[in-house]
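The exercises below are meant to be worked through with the sequence and the model open side by side. Each one sets a task and is followed by a solution in steps.

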Amino acid sequence: MCGIVGYIGNEQAAPFLLDGLKKLEYRGYDSAGIAVYNDSGIDVEKVKGRIKVLSDMLQGGTRVKGSLGIGHTRWATHGKPSDINSHPHMSETGNFAVVHNGIIENHMKLKNHLQELGKSFVSDTDTEVVAHLLDHFYKGDILDAIIKVINMVEGSYALGIICKDDPDTLYAVRKDNPLIIGLGKHENFIASDIPAILEKTRDIYRMQDNEIAEIKRESVTVYNMAKEVIPFEPYHVNWDIGAAEKGGYEHFMLKEIMEQPKAIQDTISPRIKNGKIVLDEMNLTPEELNRFQKIVIVACGSSYHVGVVSKYVIEKLARIPVEVDLASEFRYRDPLVDETSLVIAISQSGETADTLEALREAKRRGAKVISVVNVVGSSIAMESDGVLYTWAGPEISVATTKAYSTQLAMLYMIAIYLAKQRNRIDDAAYDHYVSELQRLPSLVEQALQNKEVVQYVASRHFNAKSIFFIGRNIDYALSLEGSLKLKEISYIHSEAYAAGELKHGTISLIEDGTLVVALATCKKLFDKTMSNAVEVKTRGACILGLTTEGNEKINDVADHVFYVPEAEELFMPSLAVIPLQLFAYYIALMKNCDIDNPRNLAKSVTVE
Ligand code: M6R
């Protein structure tokens, strides 16, 4: 949801800013811009379109001189994508340049007020008020002006600011949006995410809400809103830069699909000691674990889909009721959670605005909140009572794959752990589930071998207008993800349906040749799912079945079949998702879609 970079040092800023923006393009890509301080003031260059358009326009940055600058790649919220609505935004005097990620919710009120004071606006963005307000409050002390502005604006923001009067300082502020400071030698950086600056430094400070950073070439000072200097603790990033690069793959998505065995392994193995699951990171006492009367899972998108799968697994193993809520709905429905509820927030980025607010709402109501998060130190992680990190490594493709798989593995672990703590399974069952969990990485590796059949089926159906995914029980939960993956990157309309529910209305959409993907890994419901597949086949549908290796019965109904290795039935989504991810990928590839950066989307959704 918009990416920010900033540089102050002795090198030319523009080439670095463009390179950093390229690494943040997954956050938004409808327009881009930079502002660089030089002898003639602040040079702002911005344009609608991808970073490449900006980079070509600026000859890779060589056209813009100066060693202090800020940059932005945009995912439009207020004001359509256009040159003028692109960031950076300038104050009317040309004194301040601002890049912003987030939403200034009271911008209309502030804009009216500023217009009454005679300021004229050039863009339709909410951000422009920040630039004008800075000018309005600036009386010689930039920090004072920033604090006054922050006290006036409502909403969420990460801001990068430079001022014509101060050639030696880059300012940064955050609230409810990620912003990191990179600490270099004779140079420092800001960015929305680590990959943008990893080639320059591995020493990072993740800014906290309501902190203001004054960043110079040789120093970084962090202030609170009372303008007091506060200590900050940088940390060292130890993942390899290759993790954030394509490494020979055509797309990040394919690379990340192929990384899943390792990502799952990295997530589960540190938490299994002598055959026992250890989840001290949950920060919950055995008494608390036994006291909870229900679990509420809050999340968005694919993370929500992980929650839906988990409901089946946790209820089956731990025998505790699980509600799964879309975070955006949970927030406003006066939810029934209190100190007897355990709330689990699931988020790859750890910055999704709705999930973060749902977490806060749950805490206000007295619930314990644990989170399952991929980005270390992110807002959701920091605000939870306990955090279980998925060790998927950086996920760049907008369509999640390895984060989904590691979240699933983490939730299985929570289910087995709760079941044991609450005495719902005996030792033999416990050992069985733990060893099945440990088999997952190698089984996923095997599932990844069957790419050819997926490619073949994709080649037969990439022109489809609409594709349906059906399943029962945990297969239904997985169908939600199969359908989302397909539609988000291939733009083919798709719906996921509980197989038994189709005939209650949606079956009217089935026409001759409509592809219906029937997920059938659940043995006891196999025949019922096949009956539902026959119902649509009778009405002209083409059936793509998905089941476990060796199940030949599916050929009686299905026109094509994806086979996956067999595992513990509750964990089958981890295997069945593999051909579904590959199917979406190959269809999008055949349609020549922009796979890593699908239209209208952004990787991290930090606005409501
Ligand atoms: O970072 P989060 O896991 O909180 O993000 C939630 C969704 O925005 C995300 O899963 C989205 O649905 C993915 N692009 C789907 O591939």
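**Exercise 1: the surroundings of the ligand**

In this predicted model, identify how many residues surround the ligand and which of them are the closest.

Solution. Begin with the count: 14 residues surround the ligand, and the closest are S303, S347, S349, T352 and E488. Next, sort this shell by class, which gives four nonpolar, eight polar and two charged residues. Finally, ask which helices contribute to the shell: α9 (301-318) and α16 (474-490) each supply at least two of its residues.

**Exercise 2: polar contacts and burial**

Find N or O atoms of S303, T400 and K485 that lie within 3.5 Å of an oxygen atom of the ligand, and then work out how much of the ligand the protein buries.

Solution. Start with S303, where an N or O atom of the side chain is 2.6 Å from an oxygen atom of the ligand. Turn then to T400, which uses its backbone, with an N or O atom there lying 2.9 Å from a ligand oxygen. For K485 the distance is 2.9 Å, from a polar side-chain atom to an oxygen atom of the ligand. The ligand taken alone exposes 410 Å², and the protein buries 90% of that area. As a last step, place the ligand among the pockets: the space that it takes is the second largest pocket.

**Exercise 3: the overall fold**

Describe the secondary structure of the protein and decide why it can be called as compact as a globular protein of its length.

Solution. First count the elements, which are 18 helices and 26 strands. The radius of gyration is 25 Å, close to the 25 Å that the globule rule gives for 608 residues, and the protein is therefore as compact as a globular protein of that length. Along the principal axes, its C-alpha trace spans about 75 × 55 × 45 Å.

**Exercise 4: backbone geometry in two loops**

Locate the cis peptide bond between H87 and P88 and the positive phi of H186.

Solution. Recall that most residues other than glycine have a negative phi, and that most peptide bonds are trans. The bond joining H87 and P88 is cis, with omega about 0°, and P88 lies in the loop between β4 (68-74) and β5 (89-90). H186, a residue other than glycine, has a phi near 60°, and H186 is found in the loop between β9 (180-183) and β10 (188-191).

Technical notes:
Residues are numbered from 1 along each chain as its sequence is written. This is a predicted model: local features need pLDDT of at least 70, side-chain atom pairs count only at pLDDT 80 or more; totals for chains, interfaces and linings use all residues. Side-chain values use heavy atoms; hydrogens and water are left out. A residue is near a molecule or strand if one of its heavy atoms lies within 4 Å of it. A polar contact is a pair of N or O atoms within 3.5 Å; within protein, one must be able to donate a hydrogen and the other to accept it, and residues adjacent in sequence count only if both atoms are side-chain atoms. Accessible areas come from the Shrake-Rupley method with a 1.4 Å probe; for residues, only the protein chains shown count as cover. On a 1 Å grid over the protein atoms alone, a cavity is a set of points where a 1.4 Å probe fits but cannot get out, and a pocket is an open set with protein on both sides within 12 Å along at least five of seven lines; lining residues have an atom within 4 Å of a point. A molecule sits in a cavity or pocket if more than half of its atoms lie within 2 Å of its grid points. Helices (H or I, at least four residues) and strands (E, at least two) are DSSP runs, numbered from the N terminus. Ala, Val, Leu, Ile, Met, Phe, Trp, Tyr, Cys and Pro count as nonpolar, Asp, Glu, Lys and Arg as charged, and the others, Gly among them, as polar. The radius of gyration is taken over C-alpha atoms; the globule rule is 2.2 Å times the number of residues to the power 0.38.
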